[in-house]
Amino acid sequence: MQREGCRMSGGLPEPAAAGMITLDDLDNMADDLGSDSAYNSNGSTEEKLEPMEDAEQDRLLNYWQTVGRGHEVEVPNEMAEPIQQLTRNSRSEERQRVPYLLLSCKEKCGEVLYEKRQYGKAKWACIKVHEERYEQSICVGFMKIMRYICEQNSSGSFLGMTIPILTTVHTDEARTGLLRSVTLAYYIPTHLQDDPPQPADQDVVIEEWPPTMVFTRAFTGATNEESIMHEISLLAELLESPDLCVQDTFIVAGYTNPAAANRQNEIWFLQRS
């Protein structure tokens, strides 16, 4: 982003690839976060003044609040428990990938230019956000999705992380920029598809999406308005028949959390039905 999508400014180490922040990452961040009371000048641990669980939770929250400040997004204290829970479960459970059927793959000189995939009918937890900037919208929306995943649902249970998290974006008629309104979507885990837990937050709604054909291209790094518009233009040039796709609605698929410095992403074009 010149202000990269929820990337920490200030040179902190990149969080664990494809996932939430680990305790090892936090140890490396201690000095930068200003929460070094548990460390001496040599970096070795001293006796903790508070229970390990509280210290861990505070450090995780501190990191996310620092990320948020870099993008003018407030991360409230009530996010401490969902952040900690998702972090702990992400270390012990493999993320479930949204199932799809690979229909074709376009390559050149061994490089995958794009893939054509078929996604089946499925239920998603969705939230519409329209902050001033795209980066703010994905941060605000992702926090609400996190709460839903982390027990703030009718089952009162941790649902498990699935990837990718999708963000539906819309361009203006001339395709020169993104409109402010975006929709973030979390795939309901397969074993809960028939009866998804209901969100406690009324802003999060369960939607059933129809079978969808997409053309998708991978990219890494920032997910801001500039990079997304670049990826849309690039994929449009690579496709043999771009007119077969929806012209003003696209999907950004994120495989790493919004706080990651080097995000793993895809841009999706939707084939007209």
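**Figure 1. Overview of the protein chain.** The chain has five helices and 11 strands. The model is predicted. Of its 273 residues, 52% count as buried. Among contacts between residues at least 6 apart in sequence, 72% join residues at least 24 apart. The accessible surface comes to about 13400 Å². Carbon and sulfur atoms account for 45% of that surface. Eight salt bridges are present in the structure, and several of them appear in the views below.

**Figure 2. Helix α5 and its cover.** Helix α5 runs over residues 225-238 and has 14 residues. From first C-alpha to last, α5 reaches 20 Å, close to the 20 Å expected at 1.5 Å a residue. Its buried residues are Ser227, Ile228, Met229, Glu231, Ile232, Leu235 and Ala236. An α-helix has 3.6 residues a turn, so residues three or four places apart point the same way. The cover over the buried residues of α5 includes one helix, α4 (134-149). It also includes the strands β3 (111-119), β6 (165-170), β9 (212-220), β10 (245-254) and β11 (264-271).

**Figure 3. The N-terminal cap of α5.** Asparagine 224 caps this end of the helix. A side-chain oxygen of asparagine 224 lies 3.2 Å from the backbone nitrogen of glutamate 226.

**Figure 4. The nonpolar cores.** The largest nonpolar core has 39 residues. Tyr134, Ile149, Val169, Tyr186, Ile228, Ile267 and Phe269 touch the most other members. Helix α4 gives the most to this core, with eight residues. Another core, of 16 residues, lies apart from it. Tyr119, Cys126, Ile251 and Tyr255 are among the members of that second core. In soluble globular proteins, nonpolar side chains tend to be buried together.

**Figure 5. A buried salt bridge between β3 and β11.** Arginine 117 forms a salt bridge with glutamate 266. The closest N and O atoms of this pair are 2.8 Å apart. Arginine 117 lies in strand β3 and glutamate 266 in strand β11, so the bridge ties together parts that are 149 residues apart in sequence. Both arginine 117 and glutamate 266 are buried.

**Figure 6. Threonine 216 beside the salt-bridge partners.** Threonine 216 is found in strand β9. Is threonine 216 buried or exposed? It is buried, because its relative accessible area is 2% and the cut-off for buried is under 20%. The side chain of threonine 216 joins that of glutamate 266 through a polar contact of 3.3 Å. Leaving out residues up to four places away in sequence, threonine 216 touches Tyr114, Glu115, Arg117, Glu266, Ile267 and Trp268.

**Figure 7. Glutamate 240 and lysine 106.** The side chains of these two residues meet in a salt bridge, at 3.4 Å from N to O. The pair links distant parts of the chain, 134 residues apart. Glutamate 240 sits in the loop between α5 and β10, while lysine 106 sits in strand β2 (residues 101-108). Glutamate 240 counts as exposed, at 63% relative accessibility. Lysine 106 is partly exposed, with a relative accessible area of 35%.

**Figure 8. Glutamate 208 and lysine 123.** Here, too, the side chains meet in a salt bridge, with 3.4 Å from N to O. Glutamate 208 belongs to strand β8 (residues 205-209) and lysine 123 to strand β4 (residues 122-129). The two residues are 85 apart along the chain. At 47% relative accessibility, glutamate 208 counts as partly exposed.

**Figure 9. A cis peptide bond before proline 164.** Most peptide bonds are trans. The bond from isoleucine 163 to proline 164 is cis, with omega near 0 degrees. Proline 164 lies in the loop between β5 (162-163) and β6.

**Figure 10. Positive phi in two loops.** Most residues other than glycine have a negative phi. Cysteine 109 has a positive phi of about 55 degrees although it is not a glycine. Cysteine 109 is found in the loop between β2 and β3, and it counts as exposed at 81% relative accessibility. Arginine 175 also has a positive phi, near 55 degrees. Its place is the loop between β6 and β7 (182-187). Arginine 175 is partly exposed, with a relative accessible area of 24%.

Key. Residues are numbered from 1 along each chain as its sequence is written. This is a predicted model: local features need pLDDT of at least 70, side-chain atom pairs count only at pLDDT 80 or more; totals for chains, interfaces and linings use all residues. Side-chain values use heavy atoms; hydrogens and water are left out. Helices (H or I, at least four residues) and strands (E, at least two) are DSSP runs, numbered from the N terminus. The expected span of a helix is 1.5 Å times one less than its number of residues. Buried means under 20% relative accessible area, exposed over 50%, partly exposed in between (1.4 Å probe, protein chains only). Contact means heavy atoms within 4.5 Å. A polar contact is a pair of N or O atoms within 3.5 Å; within protein, one must be able to donate a hydrogen and the other to accept it, and residues adjacent in sequence count only if both atoms are side-chain atoms. Accessible areas come from the Shrake-Rupley method with a 1.4 Å probe; for residues, only the protein chains shown count as cover. A salt bridge is a side-chain nitrogen of Lys or Arg within 4 Å of a carboxyl oxygen of Asp or Glu. A nonpolar core is a set of buried Ala, Val, Leu, Ile, Met, Phe, Trp, Tyr and Cys residues joined through side-chain atoms within 4.5 Å.
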